[in-house]
Amino acid sequence: MPAEVLAEIREGLVSWRGSGLSVLELPFTGAKFQTILAEAEQDLRDLLDIPASYRVLFLQGGAFAQFRLVPLNLLRAGESASYVETGYWSARAMAEARALCPVVVAARARKAVPPFAEWRIPPDAAYCHITTNETAEGVQFHEIPVLSRTPLVADMTADLLTGPLDIRRFGLIYASAQKNLGAAGLTLVIVREDLLGRGQDVVPAPLDYTRQARAGNRINTPPTFAIYVAGLMLKWLKRQGGLNVIAERNRRKAAKLYAAIETGGFYHCPVPPPHRSSVTVCFHLPDAVQEAAFLEAAAQAGLLNLQGHPAVGGIRAALYNGVTEAAVDALVAFMAEFAAKHAHR
Ligand SMILES: Cc1ncc(COP(=O)(O)O)c(C=O)c1O
């Protein structure tokens, strides 16, 4: 989290905009909270240039709930869905959808994004799902395909707002907030209006895209604190100069780290360069013993939470928007020092 946003959160917890009320004390139907919600939506729309034909929903349940909510909200009875499998999270999304509908794998690759020309999306698929950043493996879509016929649905939990995006390429985007928007508990859904009104009657109203869109996100109490924090993060992003500036900063952070991994042959990144993520950088040391020693020494040096995803192991540095270039420099310096000490043992 950027330090200045943490300071703003602290202020709002005590007295929101000088009102004498904590942000936790604002009723969600009242004018003050509605201002927070409206500003968050407008700032998101400004940053991502979201067309008026898209609705923004502030839901709960995390991206994981969306794995089933996407088919429940978008599929009419009997329809099928297609998925592109690129790693751990897209496989999980697909497994959840399989419990509800026929699923066709449009393309599959590990440690890479399969070439768009090889995707085989059945003409009757209601949507095609991708995971734009696989956080376990460190694989990222650096280009978004243009699908002329099928709505593209994307889990952008890890990389939404890390750079500019052409929203028009998507039918629907969802993202948990805790990576780049601050606090866990909020799931953003950006959905093209013509995809509303489908879906099945079994969806609980607070998670039903159509009913929430019609009710202006007021069906029940939304995650007010997480929305407040997301709103502050969005204003911070604007103050940084917007998504082009943030993307450039993120590119510099990732480039420094990948250069450190490539230097000297001690570290190794299994993802080929064109597919490497700029937000979740995953790499290995020569063996698991060295990796454990690396994590322990890093923690002692104040470099925390570097363990890889349990499904993959190794080391993972998450370089979300709030991570500073100075933090990356500290990690890079530590890596050089550690390699110098341990490379020939
Ligand atoms: C790409 C991706 N999708 C989905 C999820 C699940 O998000 P949540 O735990 O907020 O439901 C994660 C969590 O790390 C993720 O990285």
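The following is a short conversation about the predicted model shown above.

Student: Before we start, which pLDDT do local features need here?

Tutor: Residues are numbered from 1 along each chain as its sequence is written. This is a predicted model in which totals for chains, interfaces and linings use all residues, side-chain atom pairs count only at pLDDT 80 or more, and local features need pLDDT of at least 70.

Student: Glad to have that settled. In what order do the strands of the open sheet stand?

Tutor: Strands here are DSSP runs of E with at least two residues, helices are runs of H or I with at least four, and both are numbered from the N terminus. Two strands pair if DSSP finds at least two bridges between them. The sheet is open, has 7 strands and shows mixed pairing, in the order β1-β9-β8-β7-β4-β2-β3.

Student: Which are the edge strands?

Tutor: An edge strand of this sheet pairs on one side only. That description fits β1 (54-59) and β3 (103-108).

Student: And by how many degrees are neighbouring strands turned against each other on average?

Tutor: Axes are lines fitted to C-alpha atoms, for helices over the stretch in contact, and angles run from 0 to 180 degrees between N-to-C directions. For neighbouring strands of this sheet, with direction ignored, the average turn is 20 degrees.

Student: Let's look at β4. Is it enclosed or open to the outside, and why?

Tutor: A residue is buried if 20 or more other C-beta atoms, placed from the backbone, lie within 10 Å of its own, exposed if 12 or fewer, and partly exposed in between. In β4, 7 of the 7 residues are buried, so the strand is largely enclosed by the rest of the structure.

Student: How many bridges join β4 to β7?

Tutor: On one side, β4 pairs with β2 in the parallel sense over 3 bridges, and Ser80 has Ala125 as its bridge partner in β4. With β7, Ile130 stands opposite Ala154. The strands β4 and β7 run parallel, and the number of bridges joining them is 4.

Student: Following on to β7, which residue of β8 stands opposite Asp155?

Tutor: Strand β7 (residues 152-155) pairs with strand β8 (residues 172-176) in the parallel sense over 3 bridges. Opposite Asp155 in β8 is Tyr174.

Student: Is Ala154 buried or exposed?

Tutor: Ala154 lies in strand β7. Two residues are in contact if their C-beta atoms, placed from the backbone, lie within 7 Å, and Ala154 touches Ile130, Thr132, Phe170 and Ile173, leaving aside residues up to four places away in sequence. It has 25 C-beta neighbours inside 10 Å, so Ala154 counts as buried.

Student: Which helix lies across β2, β3, β4 and β7?

Tutor: This helix spans residues 88-98 and runs at about 165 degrees to β2 (80-85). Ala93 has its place in it, and this residue touches Phe67, Tyr83, His129, Thr131 and Asp155, not counting residues up to four places away in sequence. Ala93 is buried, because 26 other C-beta atoms lie within 10 Å. The helix is α4.

Student: Where does the largest nonpolar core lie, and why?

Tutor: A nonpolar core is a set of buried Ala, Val, Leu, Ile, Met, Phe, Trp, Tyr and Cys residues joined through C-beta atoms within 7 Å. The largest has 93 residues, and those with the most contacts inside it are Leu172, Ile173, Val189, Ile227 and Ala230. Helix α6 (residues 224-240) gives the most to this core, with 9 residues. Both domain 1 (3-240) and domain 2 (243-342) give residues to it, so the core lies between them.

Student: How many residues of domain 1 are in contact with domain 2?

Tutor: The domain bounds come from an automatic or database domain assignment, and the C-alpha centres of the two domains lie 27 Å apart. On the side of domain 1 that touches domain 2, β6 (139-140) and α6 each supply at least two residues. The residues of domain 1 in contact with 23 residues of domain 2 number 22.

Student: One last thing: is Asn305 buried or exposed?

Tutor: Asn305 lies in the loop between α8 (288-300) and β11 (315-318). Its phi is near 60 degrees, a positive value in a residue other than glycine. With 10 C-beta neighbours inside 10 Å, Asn305 counts as exposed.
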